[in-house]
Amino acid sequence: MAAASGGGSCSPERQPRGLLALAGIWLRDHASLLRKLQWAVVLVYAFLLIVPACLSLPEDTARMWNNLTIFAQFVFWGIWWPFVLLSMVLFGRLWCGVLCPEGALSEWAARKGMGRPIPRWMRWGGWPFVAFVLTTVYGQLVSVYQYPKAALLVLGGSTVAAVAIGFVYTRGKRAWCRHLCPVNGVFGLLSKLAPLYYRVDEAAWKRSQSAHEHTPAVDCAPLQPLRHMQGGSGCHMCGRCSDHRGAIELSLRSSSDEVVRVAEKEADGWQTALIAYGLLGVAMGAFHWTVSPWFVALKQAAAEWLVDRDIMWPLDTEAPWWLLTHYPQHNDVFSWLDGASLIAYVAATALVLGTGILASLALSVAVSGGWRTQRLHHLAQALIPLAGCGVFLGLSALTVTLLKAEGFGMHWVNDARLALLAGANLWALHLARGILARWNGGLRRWIALLPFCGALALVDCAWGFMFWWW
């Protein structure tokens, strides 16, 4: 990360800076320290990703405190992923700007590379949704949470792609992070809920320009339109723009502001697809299938149908480990039928839940009066708290499993899950009420909340099956 030199001059009339603004300036002025921290994270990330893949798989009696493979599994999937997601809601995309190894490597490669302009195909708005879906489904096929070679393939492959994209495109920017990162869309959605953001004072910016102040441009790695930046979904919170032209500072805001106000114009169909069919659909199916009796029934019915017709090749279990899970020494081998059943189950879950959610949202918009497709996309943003909570609960299920294996008492977990779901539902209702109030201040606003509650109920039922009813 290069140090930013974009601090603006401070006029005598200027108000004293608050602690948050000073924290942003500290980040700007300590870029070299942050760069060292990033490289330390890169080294730890590489060690925990590569070394376990070179070791033998652990025995059943191994534990995280005496086996590097299980320890790395716990770090990646039990701590890193769920709590990185949580950090987005608390601090915005601070992980992306200060700690993410892929972002650091991609930007480093872009400083050394070819510097080509970002092509049109990379700017396609559907990449966050497509990349998330493909990565999620492929990760399930190769059992990315359980096996170090699969983790190296998925996470390491993503990192290699990030470096390659960085080397070819832009000069010192993060084209990968902005357009192709599989979790860019997820991080962008969750960071809309963060109470921290960089506030832009356009009036101060104009005054700086009118005074003909010489202010070097900000080295904004994620390529944000700083002067007109309203929210924090694309900002990496690195602090390089702090105090630029005396107009940008780290500030507090309402956690509802970006969803209720800014998203009214910025929400689009791909974000809605990522919420309804991605986070609340595909991700739900990916968490569900391992405990679902419906999945077992689907696979058994398909197997019987194939055997009755003497079609045996789908039952073959010789697919390579990088295509389907294949670890016979642990009695964990996928057949072609297993892979096809998994994809079918995840797709069906996404289709049923996503379509049901969109139908409920559409009914809410229709009841509120004045149908507009943009309003559907705006209202879908109210589901972000529930979507984020669901992914956190799904990923933390592995955390709970690993801690139980270590002998920790986890009897309180289901109560905590219920509390988190209840809080996410209330937060989503609060956001929906705020959005609907911008369209209609009368009785229609309250009536329109009823179909929205139907969308919440669909998601809650899915989690009820996973944690309580099956």
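**Asking why: labels in this model**

Visitor: Why is Val 218 called buried?

Guide: Val 218 has a relative accessible area of 15%, and buried means under 20% (exposed is over 50%, partly exposed is in between; 1.4 Å probe, protein chains only). So 15% earns Val 218 the label buried. Before we go on: this is a predicted model, where local features need pLDDT of at least 70, side-chain atom pairs count only at pLDDT 80 or more, and totals for chains, interfaces and linings use all residues. Residues are numbered from 1 along each chain as its sequence is written, and side-chain values use heavy atoms, leaving out hydrogens and water.

Visitor: Where does Val 218 sit, and what does it touch?

Guide: Look in the loop between helix 10 (202-210) and strand 2 (248-252). Helices (H or I, at least four residues) and strands (E, at least two) are DSSP runs, numbered from the N terminus. Leaving aside residues up to four places away in sequence, Val 218 touches Leu 226, Arg 240, Cys 241 and His 244, where a contact means heavy atoms within 4.5 Å. As for Leu 105, 113 residues apart from Val 218 along the chain, the two C-alpha atoms are separated by 20 Å.

Visitor: What makes Arg 245 stand out?

Guide: Arg 245 isn't a glycine, yet its phi is positive, about 55°. Most residues other than glycine have a negative phi. Arg 245 is in the loop between helix 10 and strand 2, and at 16% relative accessibility it counts as buried.

Visitor: And Asp 310: how do you know whether it is buried or exposed?

Guide: Its relative accessible area is 62%, and the cut-off for exposed is over 50%, so Asp 310 is exposed. You'll find Asp 310 in the loop between helix 13 (293-308) and strand 3 (326-327). Asp 310 isn't a glycine either, and its phi is positive at about 55°.

Visitor: How many aromatic pairs are there?

Guide: The count comes to 24. Rings of Phe, Tyr and Trp (its six-membered ring) pair if their centres lie within 6.5 Å; planes under 30 degrees apart are stacked, over 60 edge-to-face, and the rest tilted.

Visitor: Why is the pair of Trp 80 and Trp 81 called tilted?

Guide: Their centres are 5.3 Å apart and their planes make 45°; that angle is neither under 30 nor over 60, so tilted it is. Both are buried, and both belong to one aromatic cluster with Tyr 45, Phe 76, Trp 95 and Phe 187.

Visitor: What makes Trp 121 and Trp 127 edge-to-face?

Guide: The centre distance is 6.3 Å, and the planes are 85° apart, which is over 60, so edge-to-face fits. Trp 121 has 44% relative accessibility and Trp 127 has 25%, so each counts as partly exposed.

Visitor: How do you know that the charge of Lys 149 sits over the ring of Trp 321?

Guide: The charged end of Lys 149 is 5.9 Å from the ring centre. The rule asks for NZ of Lys or CZ of Arg within 6 Å of the ring centre and within 35 degrees of the ring normal. Lys 149 is listed as sitting over the ring of Trp 321.

Visitor: Last one: why is His 288 called buried?

Guide: His 288 has 4% relative accessibility, so it counts as buried. His 288 is in helix 12 (residues 269-288), and, not counting residues up to four places away in sequence, it touches Tyr 345, Ala 462, Phe 465, Met 466 and Trp 470.
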